[in-house]
Amino acid sequence: MLKDLHFLRRIDGEKLDRYLLMGWYRIGQLIFTTDHIPYAEGWKRVFWLRFPLDKISFHKKHEKLFAGNDRFSIGIRPFQLTEELEELYQLYYNHLDFTPSPTLHNALFDHSVFEDQSFPVFDSFVIEVRDKEQLIAAGVFDMGKNSLAGIINFFHPVYRKFALGKWLMLLKIQYAKQQGMQFYYPGYIAADYNKFDYKLFPGKAAAEIYDPLQQEWLSYSANLIQALKNTIPAPGDDFIIS
């Protein structure tokens with residue numbers, strides 16, 4: 001459930017940095033924030049996550065992933081939606097046990113204030129992973145001035161054993177470091193719900209979560225999540241987007 005959202009015609013690097021710093025994130029072509037998401041059994045408290053890049057160093061599990069995937073080639077370019085990317089997304093979508101946006105186009109371009117999508121709100125890039133000529137994985141991210149926001153990763157289900165989603169996170173971090181950036185933002189995690197815990201793969205010791213009450217980033221721990229999860233009451237039936 002969205003707590004607040006903004007429709008903007010353009011978000012440059014400095015503006016994106018400010019939004020991310022305050023616990024906002026992209027959905028389609030708008031930017032939003034929230035503290036809870038709904039599930040069948042009720043509301044789940046969510047916490048925005050970030051990694052200060054100077055605290056991240058790749059360890060054995062990360063190096064093993066790089067070594068295991070060194071057969072694949074990597075390309076990074078400004079994002080442009082292609083049939084190849086959309087076809088790969090559909091393969092990925094059809095093998096999921098949850099329901100995300102039905103198309104990559106929906107995921108990245110819904111809620112645009114423009115009819116002409118040649119005017120994107122965000123500075124987006126894509127990492128493409130190929131096995132010889134075949135596109136097998138892709139990761140889209142937005143560039144700020146000092147921050148990189150990871151938006152979506154998807155891959156061919158035949159290559160699931162290569163942990164390409166987690167590898168794309170590491171590739172985004174590696175690229176952000178190469179660009180001299182300070183922070184990597186992968187989205188949110190949820191209290192008492194481990195579906196999003198893969199976002200901690202870069203390293204729990206380096207992770208930080210956002211406390212909207214104090215408006216500050218705190219070092220992640222499972223105990224801190226439990227301590228903060230009820231500090232903002234879950235919305236009731238009369239919940240209204242501000």
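The legends below describe several close-up views of this predicted model.

**View 1. The open sheet formed by β1, β3 and β2 is built from three antiparallel strands.**
The strands of this open sheet follow the order β1-β3-β2, and the edge positions are taken by β1 (4-6) and β2 (25-27), each of which pairs on one side only. From one strand to the next, the twist averages 35°. Between β1 and β3, which run antiparallel, there are three bridges, and in this part of the sheet L5 stands opposite F32 in β3.

**View 2. T34 sits in the loop that lies between β3 and β4.**
The loop that holds T34 lies between β3, which spans 30-33, and β4, which spans 36-39. T34 has a relative accessibility of 3% and therefore counts as buried, the cut-off for that class being under 20%. A polar atom of the T34 side chain lies 2.9 Å from the backbone oxygen of H36.

**View 3. Helix α2 crosses helix α5 at roughly 100°.**
Helix α2 comprises residues 60-68 and helix α5 comprises residues 164-178, and their axes come within 10 Å. Because the crossing angle is roughly 100°, and angles of 65 to 115 degrees count as roughly perpendicular, α2 is described as roughly perpendicular to α5. On the α2 side the contact is made by H62, L65 and F66, while on the α5 side it is made by K166, W167, L170, L171 and Q174. By residue class, this contact of α2 with α5 divides into five nonpolar residues, two polar residues and one charged residue.

**View 4. Strand β8 pairs with β7 and also with β9.**
In strand β8, residues 134-143, nine of the 10 residues are buried, so the strand is largely enclosed by the rest of the structure. Strand β7, residues 124-131, pairs with β8 in the antiparallel sense over eight bridges, and within this pairing R130 stands opposite L135 in β8. The two strands β7 and β8 form a hairpin with two residues between them, and K132 in the turn has a positive phi of about 60°. Strand β9, residues 147-155, also pairs with β8 in the antiparallel sense, here over seven bridges, and D142 stands opposite A149 in β9. The strands β8 and β9 likewise form a hairpin, with three residues between them.

**View 5. D131 of strand β7 makes side-chain polar contacts with R71 and with Y159.**
D131 lies in strand β7 and has a relative accessible area of 12%, so this residue is classed as buried. A polar contact of 3.4 Å links the side chain of D131 to the side chain of R71, and a further polar contact, of 2.7 Å, joins the side chains of D131 and Y159. When residues up to four places away in sequence are left out of the count, D131 touches R71, F72, I136 and Y159; the two partners in the polar contacts, R71 and Y159, thus appear in this set as well.

**View 6. W217 is a buried residue in strand β12.**
Strand β12, which contains W217, covers residues 216-219. With a relative accessible area of 14%, W217 falls under the 20% limit and is therefore buried. The residues that W217 touches, not counting those up to four places away in sequence, are L20, L21, W48, L49, R50, Y185, E208, I209 and Y210. One of these neighbours, W48, is separated from W217 by 169 residues in sequence, although the two lie 9.2 Å apart in space, C-alpha to C-alpha. Another of the neighbours is L21, whose backbone oxygen is reached by the side chain of W217 at 2.9 Å.

**View 7. E14 is a partly exposed residue in helix α1.**
Helix α1, in which E14 lies, spans residues 13-21. The relative accessible area of E14 is 43%, and this residue is therefore partly exposed, a class that runs between the 20% limit for buried and the 50% limit for exposed residues. E14 and K177 are 163 residues apart in sequence, and from C-alpha to C-alpha they are 18 Å apart in space.

Methods:
Residues are numbered from 1 along each chain as its sequence is written. This is a predicted model: local features need pLDDT of at least 70, side-chain atom pairs count only at pLDDT 80 or more; totals for chains, interfaces and linings use all residues. Side-chain values use heavy atoms; hydrogens and water are left out. Helices (H or I, at least four residues) and strands (E, at least two) are DSSP runs, numbered from the N terminus. Buried means under 20% relative accessible area, exposed over 50%, partly exposed in between (1.4 Å probe, protein chains only). A polar contact is a pair of N or O atoms within 3.5 Å; within protein, one must be able to donate a hydrogen and the other to accept it, and residues adjacent in sequence count only if both atoms are side-chain atoms. Axes are lines fitted to C-alpha atoms, for helices over the stretch in contact, and angles run from 0 to 180 degrees between N-to-C directions. Angles under 35 degrees count as roughly parallel, over 145 as roughly antiparallel, 65 to 115 as roughly perpendicular and the rest as oblique. Contact means heavy atoms within 4.5 Å. Ala, Val, Leu, Ile, Met, Phe, Trp, Tyr, Cys and Pro count as nonpolar, Asp, Glu, Lys and Arg as charged, and the others, Gly among them, as polar. Two strands pair if DSSP finds at least two bridges between them.
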